[in-house]
Amino acid sequence: MPNLTEKISSSVDFIGAFDPKIRTFDIIMKTANGSSYNSYIVRGSMGVAIMDTVKKEFSAEFFERLESLCDYEEIKYIVLHHLEPDHSGALEELMNRAPQAKLIISGRAVMMLKGIIKTDIAFETANTGKRISLGDKTIEFLSTPFLHWPDTMSSYLHEDKVLFSGDVFGSHYYDERLFDDKVGDFSYAFKYYYEHIMRPFKQYVMQALNLYNRFEIRTIAPLHGPILRTNPQYYLDKYEEWSSEEKFRKNTFGKKMLSVFYMSSYDNTHKMAKVIMEGADTIDGIVASMYDLASLDEKNMIDLLEESDAVIVGSPTINGDAVKPAWDLLSCMAFLESQGKVGASFGSYGWTGEAPEMLHDRMHWLKFRLPVQPLKIKLIPTKEELDDCFVFGKEVAEITMGKMVEMEMEI
Amino acid sequence: MVSLFLKEDNIKVSVPNGKTLREVARKTGASMEFGCRVGDCLTCVARVKSGMRCLNEKSDKELIALEVLGGDINELRLMCQCRIECEEGEIEISYLV
């Protein structure tokens, strides 16, 4: 370790850990530059606060840094901005070493705490506006849920104007030079992190930015990657720009977008897709489009799904399943907000025909609104069956435009 | 039957006594968002704008979870904990809290 600790401001030091070898984070993220688990110590005239810990296997590095700056008896507070294991891995051991310290977590973290620490420990909860004092230093908490865990909160050190933002503004980018003006070009890692971690929670990002904007911020201290001190407003602006992008169709043409995604082995599901799209396109306010999943890469899938107000997925049934590209499409929803999107499924089949129902089920768990039952047709669609496809597309489009659905549940 | 209106989904559904709102979501395809489904995570918190009397009472566990949110929780419910307990009536629910 070239520098055991690093000064962030007059009363804040970095005591986190570096993970240069990690190449995949949380299963879904590539980390070409490794990463870091940032943790900080805040020193006041009446004690210190430890802001987050590190992943468990990096505990030794964390404790070595911590011990170089304080005695355990001095620790008054331990703040966990969220309980994800890469930041709570050393919590239990830290609480053993500093039993007098008060643990501060968000209200939403209470139910998770027992899942992380398997014993009862004392804690206090913090919501927006709660303050703790270290004598001459004051830390104020901000509730910033779902960024990217439900229990996420942020905090602000008033005297030093440091924002502890949790995972917000993080990057998976290992560089022991630590500060944004000293490390290499991490701009791709900053955006990649946003797109994979924060993009599904855009509305919550905007809520958090409103809270952050109440404060003058000199330094942003996130939980991964470089500490942002050169021009913090630049990073706030980037998050605002990415989170407030309006849908292109809606913004440019005042229309809602309905997308029909399909795969077809003998052209039958394709025929259905075409007529469903035509039916949908007859509804005022809708622009309907169709896409062959055989020729869409993941980036296009994500962008089209995000843009679409309604998503209709068609697949033939092969060996009792929908085809892989249809599953690949729906797996892209992990990167997006699905709440409020209308969904539907369809497909031609030869023998058993489970695919549309299976896709319908998957879309249910992905929180699509699914007001119409799956549509399936045996082999080559007849003219009457294509008429059903037309009505199906029209119905989904009407509901997307706000038509009320009335139904009755059986006893 | 109880007439249940889900505001953001614009769905009006007649629901018999005894059905849970999870069953309603499943049947109607409504977009109400569930997380843990056991009343811990607060993901499914929603506002019952009218007709609270047609739902089961809040359990102690639900009350403790809702109190975390602070403020007036009288109209709030965790959808995963709700069941229709009424033969006749009208309920309106908004997912916006």
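The lining of the second largest pocket mixes four nonpolar, two polar and three charged residues. That is a good place to start in this predicted model, and from there we can move on to where chain B meets chain A and to the cavities. About 150 Å³ of space lies in this second largest pocket.

**The second largest pocket**

- Which residues line the second largest pocket? They are A:Lys56, A:Pro85, A:Ser88, A:Gly89, A:Ala90, A:Glu92, A:Glu93, A:Ile116 and A:Ile117.
- The nonpolar members of this lining are A:Pro85, A:Ala90, A:Ile116 and A:Ile117.
- The charged members are A:Lys56, A:Glu92 and A:Glu93, while A:Ser88 and A:Gly89 count as polar.
- Two helices of chain A, H2 (85-88) and H3 (91-97), each supply at least two residues of the lining of this pocket.

**Where chain B meets chain A**

- On the chain B side, 32 residues are in contact with 25 residues of chain A.
- The area buried between chain B and chain A is about 2,500 Å², and carbon and sulfur atoms give 56% of that area.
- How many salt bridges are there between chain B and chain A? The count is two.
- One of these salt bridges pairs B:Arg26 with A:Asp361, and their closest N and O atoms are 2.8 Å apart.
- There are also 10 residue pairs in polar contact between chain B and chain A, with both residues at pLDDT 80 or more.
- Looking at the side of chain B that touches chain A, strand E2 (11-15) and helix H1 (21-28) of chain B each supply at least two residues.
- Helix H1 of chain B gives the most to that side, with six residues.
- By class, the side of chain B that touches chain A has 17 nonpolar, six polar and nine charged residues.

**The cavities**

- How many cavities of 30 Å³ or more does a search of the whole structure find? The search finds three.
- The largest cavity holds about 80 Å³ of space.
- Both chains take part in lining the largest cavity. From chain A come A:His364, A:Trp365, A:Lys367 and A:Phe368.
- From chain B, the lining of the largest cavity takes B:Ala25, B:Ala30, B:Ser31, B:Met32, B:Phe34 and B:Arg37.
- Sorted by class, the lining of the largest cavity has six nonpolar, two polar and two charged residues.
- The charged residues in this lining are A:Lys367 and B:Arg37, and the polar ones are A:His364 and B:Ser31.

Technical notes:
Residues are numbered from 1 along each chain as its sequence is written. Chains are lettered from A and ligands numbered from 1 in the order in which they are written. This is a predicted model: local features need pLDDT of at least 70, side-chain atom pairs count only at pLDDT 80 or more; totals for chains, interfaces and linings use all residues. Side-chain values use heavy atoms; hydrogens and water are left out. On a 1 Å grid over the protein atoms alone, a cavity is a set of points where a 1.4 Å probe fits but cannot get out, and a pocket is an open set with protein on both sides within 12 Å along at least five of seven lines; lining residues have an atom within 4 Å of a point. Grid points are joined across faces, edges and corners, and a volume is the space filled by probe spheres set on the points. Helices (H or I, at least four residues) and strands (E, at least two) are DSSP runs, numbered from the N terminus. Contact means heavy atoms within 4.5 Å. Buried area is the accessible area (1.4 Å probe) that two parts lose on being put together, summed over both. A salt bridge is a side-chain nitrogen of Lys or Arg within 4 Å of a carboxyl oxygen of Asp or Glu. A polar contact is a pair of N or O atoms within 3.5 Å; within protein, one must be able to donate a hydrogen and the other to accept it, and residues adjacent in sequence count only if both atoms are side-chain atoms.
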